[in-house]
Amino acid sequence: MSQPIVIGKRKSRFKELAQAAIPGGGNLDLCLTCSSCVNGCPASGISDMDPRKFLRMVLLGLDEEVLQTPWIWWCSMCQRCRRACPMGVDIGALVFMARQQWSRENTPKGIQKSCDLHLEFGNSTGIRREDWVSLCAELAEETRQQEEDWKDLPAPMDKKGAGYYLNQNAKEPTVEPEEMIPLWKILHEVGIDWTYSSEQWDAVNYCMFSGDDRDWEAVVRRQSEIVNDLGCKTLINTE
């Protein structure tokens with residue numbers, strides 16, 4: 001017969017910290033252990049962890065284990081667990097809080113480097129401003145010369161007063177720039193007046209995943225300022 005696990009009397013400091021930071025306290029104490037959160041979670045089972053188990057460990061005061069599990073970096077922050085939960089327990093916010101407890105040096109290098117590049121270059125792959133501008137101009141010109149039906153295809157950059165501001169996944173200009181052109185054609189065909197920005201154009205904000213909300217805000221704030229300066233009314237995020 002299996003024996004109960006004796007963990008002794010503990011007080012979860014991390015739980016208190018999280019409840020104080022998450023709006024409404026995150027409903028953490030309302031968990032029914034129904035496992036609805038587990039079923040749709042793409043990270044369930046990785047590192048022998050899932051959303052329900054993670055939450056139970058928090059509630060049991062296993063702070064050391066909670067703050068050391070690498071599982072929090074496998075979480076995609078998709079919030080499926082919260083939507084599936086009948087009690088509205090905000091496990092995604094709990095994971096974000098756990099990430100915030102990790103030092104910058106220990107944050108997974110891929111995430112941190114992408115965030116740092118975004119802060120420095122305006123995109124997560126470190127493409128320099130002049131290279132981005134030149135690439136878009138060359139792709140548009142090449143298309144105009146080679147395709148009879150698209151002789152007037154624009155690829156606007158920093159166009160004041162454009163109705164739509166277009167973001168771009170930085171992976172595409174880095175490894176498959178030809179994938180950007182079909183979207184330009186669609187926008188042109190339907191008469192959308194759009195523009196890229198030469199400074200802040202990445203559709204992905206890896207700083208959201210690093211757990212540092214100051215960096216996250218810095219990226220969003222700078223992009224908002226550029227959108228407002230250009231006078232664009234709508235932002236199209238392609239990611």
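**Close-up 1. The contacts of N27.** In this predicted model, N27 touches M87, G88 and V89, leaving aside residues up to four places away in sequence. One of these partners, M87, also offers a polar contact: its backbone oxygen lies 3.2 Å from a polar atom of the N27 side chain.

**Close-up 2. The setting of N27.** Step back a little and you will find N27 in the loop between helix 1 (13–21) and helix 2 (36–39). The residue counts as partly exposed because its relative accessibility is 30%, and that class lies between the cut-offs of under 20% for buried and over 50% for exposed. For a sense of distance, M208 is 181 residues away from N27 along the chain, and the C-alpha atoms of the two are separated by 22 Å.

**Close-up 3. A sheet of 3 strands.** Here you can follow an open sheet whose strands come in the order 2-1-3, with parallel pairing. Its edges are strand 2 (194–195) and strand 3 (234–236), each of which pairs on one side only. Helix 12 (residues 213–230) packs on this sheet and touches strand 1, strand 2 and strand 3. The direction of helix 12 makes about 140° with that of strand 1.

**Close-up 4. Where strand 1 meets strand 2.** Strand 1 (residues 164–166) runs parallel to strand 2, and 2 bridges join them. Look for Y164, which stands opposite W194 in strand 2. In general, the strands of a sheet pair through backbone hydrogen bonds, either parallel or antiparallel.

Conventions
Residues are numbered from 1 along each chain as its sequence is written. This is a predicted model: local features need pLDDT of at least 70, side-chain atom pairs count only at pLDDT 80 or more; totals for chains, interfaces and linings use all residues. Side-chain values use heavy atoms; hydrogens and water are left out. Two strands pair if DSSP finds at least two bridges between them. Helices (H or I, at least four residues) and strands (E, at least two) are DSSP runs, numbered from the N terminus. Contact means heavy atoms within 4.5 Å. Axes are lines fitted to C-alpha atoms, for helices over the stretch in contact, and angles run from 0 to 180 degrees between N-to-C directions. Buried means under 20% relative accessible area, exposed over 50%, partly exposed in between (1.4 Å probe, protein chains only). A polar contact is a pair of N or O atoms within 3.5 Å; within protein, one must be able to donate a hydrogen and the other to accept it, and residues adjacent in sequence count only if both atoms are side-chain atoms.
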